[in-house]
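Colleague: I'm new to this, so could you take me through a few of the labels people put on a structure?
Modeller: Gladly, here it is.

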Amino acid sequence: MANNKFVKPLFIFAVLVVAAGVYFWFSGRSVDIVNRQSVYKPTHLYGNNDVSIEKIKLMVFYAVPGDRSGLIYGKWREIMKKPLEKISDFHKLQFHGGSEIDYEIYPKPVILENSGSFYDSNNNGNAKALKLVAEELEKRAFKKNGDLYLENFAVSPRGDYPVLGIIYEGFGAIGGVIEESGLESEQEFAKLKNLPESVIFKTSVESANGFFLLSRGYLSEPEFEFYGQSFLYHEFAHTFGVQDYYDHETGLAFSDDIMGAGRWRSLESNFISSDILKELGAMN
Amino acid sequence: MIYNFDFFKLSGRLRNKIFFMTVFVSVGPLIILGFLAFYSLNLFHRFDIAGIEDNLINQKTEEVSGFINNIIGVFELRVDYELSSPIASSSQNFILNELLKSNPALEEAAFVNTISEEINGERIAVGKETAKYSKTYPNGASDDVFINKSKLESFQQAATGKIYSGPVYYTLKGPMISIASPVLNANNAVINVLTGEINLSGVQKIIQNSRLGNSGYLYLLDYDGFLIAHSQASKAIKTSFKSQFFASDLLKGEKKLGIGGQARYQSVWGEPVVGAGDYISKFGWAIIAEWPANDADLIVSTVRNQIILFSLIVFIAAVFASVFLADRIVKPIKILESGTKRVSQGKFDQLVEIKTGDEIEDLGEAFNKMTAGLKRLEELKEEFVFIAAHELRTPVSAIKGYLSMVLDGTVGPVSQGARKFIEEVLVANQRLIQLVNDLLQVARSDAGRLTIDVVSLDIREQVKTVVSELTPLSNEKNIKIIYQSADVPGVMADSVRLKEVLVNLIGNAIKYTIGSGEIAISHEVKAQNLITHIKDSGIGISTEAQKKLFEKFYRVQTEKTRDITGTGLGLFIVKQIIEKMNGKIWVESEEGKGSTFSFSLPIAIS
């Protein structure tokens with residue numbers, strides 16, 4: 001049996017060896033500092049934190065006035081599909097992944113009930129056509145008894161932000177937000193929102209939170225080849241509350257991005273300014 | 001020499017000392033040196049990592065800044081004339097065309113009007129583009145796509161004479177920035193603004209061409225913490241780094257360079273890294289180098305593991321070596337110790353065998369010589385004792401004879417006084433005779449001449465005979481002898497020697513019982529032996545005295561035993577006799593409470 005007087009030095013020696021071993025082992029290891037995790041803030045309607053736009057369900061129709069059915073563009077689906085893909089990519093890039101577009105094209109052109117003159121106007125990007133066509137689509141495509149109703153198309157997943165997109169066989173480039181209100185008149189609503197009355201319209205559309213209308217020509221005509229897709233996104237951006245960043249009277253742009261001067265630039269070279277993205281919750 | 005390789009049996013102090021000393025001397029310095037080496041390596045390694053990362057960051061910062069500054073540099077236009085009129089339209093187109101051709105990173109360049117006066121009958125709005133070339137319009141854009149930039153910050157800043165570079169914006173072509181530069185005349189007046197959109201793909205390439213160890217990487221963040229470029233495309237993520245503590249500090253303008261700026265933390269990709277970074281103040285960007293710790297510290301880990309492994313090997317080798325060494329030293333000492341014990345017991349025949357080829361072997365040889373000398377001395381002593389006892393026997397017997405005849409009146413009447421003296425002499429002479437007889441017996445025993453004739457006998461007869469002989473003596477002292485003579489088997493013993501043993505033991509029991517008392521004699525069969533117990537109620541024997549009781553000439557010296565006579569050889573002789581009859585003898589005693597002497601003899605096989 002080992003002599004007792006060696007137990008203490010042996011113990012001290014063993015402790016030193018173990019301590020040295022522990023130091024050797026751990027001194028080469030990293031000091032891990034766990035990063036502060038960012039508080040997740042979902043993207044939202046422009047200036048409104050309560051409405052999420054993380055997932056946007058974009059339902060697109062090719063709408064043709066009744067008297068223009070002979071003018072239906074043969075490759076209507078192709079001219080819509082590529083730009084929609086492009087704006088989806090563009091949107092995801094600008095929002096740094098914080099918002100995505102899930103688009104769907106209605107399977108056939110919609111022949112509107114009335115002639116073009118019923119829908120057309122020359123002012124304000126043809127807001128009249130937007131309102132009338134949207135309301136007609138609401139009745140025909142989004143109500144179960146409608147002749148254009150398709151359940152898979154009409155019903156948006158819960159939590160998505162539904163947007164109605166109209167590619168119109170006629171003139172128009174306009175978009176906006178649909179907001180439920182108990183107010184009776186456009187005037188009252190404009191006053192509440194501090195907006196010009198000319199941009200406020202009453203509508204009965206319930207199936208979407210935003211809608212836009214764009215002339216088909218922007219997607220098909222050579223003259224719009226370079227910036228047609230930019231116009232498409234520009235109008236689409238209005239559906240989640242982004243305003244124009246240019247003066248409607250003088251045309252002077254306040255920003256160089258797609259909501260201002262940039263709308264005249266190709267989509268590949270376009271962007272959304274950081275000021276707008278901040279209002280949408282896409283940036284801290 | 002025979003080794004007993006009990007490697008893990010660390011018995012004995014010298015063995016322990018050798019073991020601990022060897023282990024301590026071999027492993028201790030190794031651990032200390034390893035500790036110091038590792039500490040130094042660790043420290044210098046951190047400096048090395050900092051240096052490598054800093055060099056990479058500085059190099060890439062220079063390249064990135066140079067990339068952009070080079071383009072901005074070509075935008076700094078100055079004309080020789082003093083007139084405050086814009087550059088001619090044709091020249092504008094030429095300049096823009098050349099700019100785009102010579103700068104592939106330039107996506108678009110445009111001249112913007114800054115003069116509000118009418119030029120050649122034409123008034124162009126301030127802020128309106130007057131010429132534009134781009135990848136979209138490689139041959140120049142038509143004026144219907146010219147836009148008015150008067151409200152844009154880029155134009156407004158450049159129009160005041162300051163160069164403008166804007167924040168990074170992300171397009172489908174890649175990250176870009178806007179720049180704007182004043183075009184100055186000879187009087188440093190702004191006559192135009194030249195705007196441009198720079199594609200940062202070149203910056204991405206600069207960052208992608210970065211190498212940091214096997215798995216380290218570099219990345220560039222914009223003002224808002226979004227990733228402009230990453231040297232490993234697979235690590236490109238869309239979320240902002242602004243909440244990551246390291247990046248957020250850099251984007252606030254801090255520098256994280258050198259050993260003081262370097263940090264170890266968990267990256268946003270979830271691995272421990274060594275990070276360093278710098279702030280590119282001109283653009284508000286952060287450039288960060290991160291080196292996964294397990295790659296960065298590979299050399300340190302390798303050295304650490306080697307030190308630990310080597311220390312372990314040395315420790316194990318030291319353990320085995322120390323045990324072997326201790327065994328080599330301690331074993332001969334143990335042999336000498338055993339030899340010494342044998343010599344102390346009077347056994348001089350067995351020599352020690354030590355073949356170590358060193359001083360310990362010399363010691364063994366000296367020990368054997370000493371043993372031989374002691375053996376010779378013992379033999380001489382025994383011979384002397386035998387001769388002396390033998391020679392003494394005749395005269396003491398003669399003294400006894402003649403004194404008896406005197407007392408008998410053979411040489412005439414003896415007076416009372418003379419009788420008394422003669423009787424005293426007779427008693428003393430009798431003790432002398434007893435001593436001589438005992439010495440002779442001891443001498444015979446030592447010389448191996450003590451004859452034992454073992455036969456099968458009934459011990460009860462021997463006991464009864466001795467009890468009968470000693471009863472008068474016990475009666476004198478009022479001591480009762482009780483013998484429980486139950487049926488017992490026969491034993492193998494020499495009847496004469498057995499009687500001697502019984503006389504001695506029972507006689508001692510009587511002698512050492514002071515006053516009245518009782519002596520109980522009984523038998524017990526145990527294994528193949530018959531044990532005889534002789535229990536007295538005498539003065540008892542101390543524990544110390546019991547250890548030496550059966551040694552030659554030993555007598556218990558106490559107040560109570562002072563008047564009790566004896567040679568001190570009785571029990572020695574009894575032990576010799578019992579052991580020669582293949583038995584054992586022992587005592588159980590307590591001072592003041594009596595003693596029980598017991599001896600065993602083998603049972604006779606019938």
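Modeller: First a definition: helices (H or I, at least four residues) and strands (E, at least two) are DSSP runs, numbered from the N terminus. This is a predicted model, where local features need pLDDT of at least 70, side-chain atom pairs count only at pLDDT 80 or more, and totals for chains, interfaces and linings use all residues. Residues are numbered from 1 along each chain as its sequence is written, and chains are lettered from A in the order in which they are written.

Colleague: Which helix gives the most to the lining of the second largest pocket?
Modeller: Helix 10 of chain B does, with 11 residues. Lining residues have an atom within 4 Å of a point on a 1 Å grid, and a pocket is an open set of points where a 1.4 Å probe fits, with protein on both sides within 12 Å along at least five of seven lines. Among the 47 lining residues, Asp438(B) and Lys511(B) are two of the closest to the pocket's centre.

Colleague: What makes helix 1 of chain B roughly antiparallel to helix 4 of chain B?
Modeller: They pack at an angle of about 165°, with their axes 10 Å apart. Angles over 145 degrees, on a scale from 0 to 180 between N-to-C directions, count as roughly antiparallel, so helix 1 of chain B earns that label against helix 4 of chain B.

Colleague: Which residues of helix 1 of chain B meet helix 4 of chain B?
Modeller: Contact means heavy atoms within 4.5 Å. Lys60(B), Glu63(B), Val64(B), Phe67(B) and Ile68(B) meet residues of helix 4 of chain B, including Val203(B) and Ile206(B).

Notes:
Heavy atoms only, no water. Parallel < 35°, antiparallel > 145°, perpendicular 65-115°, else oblique.
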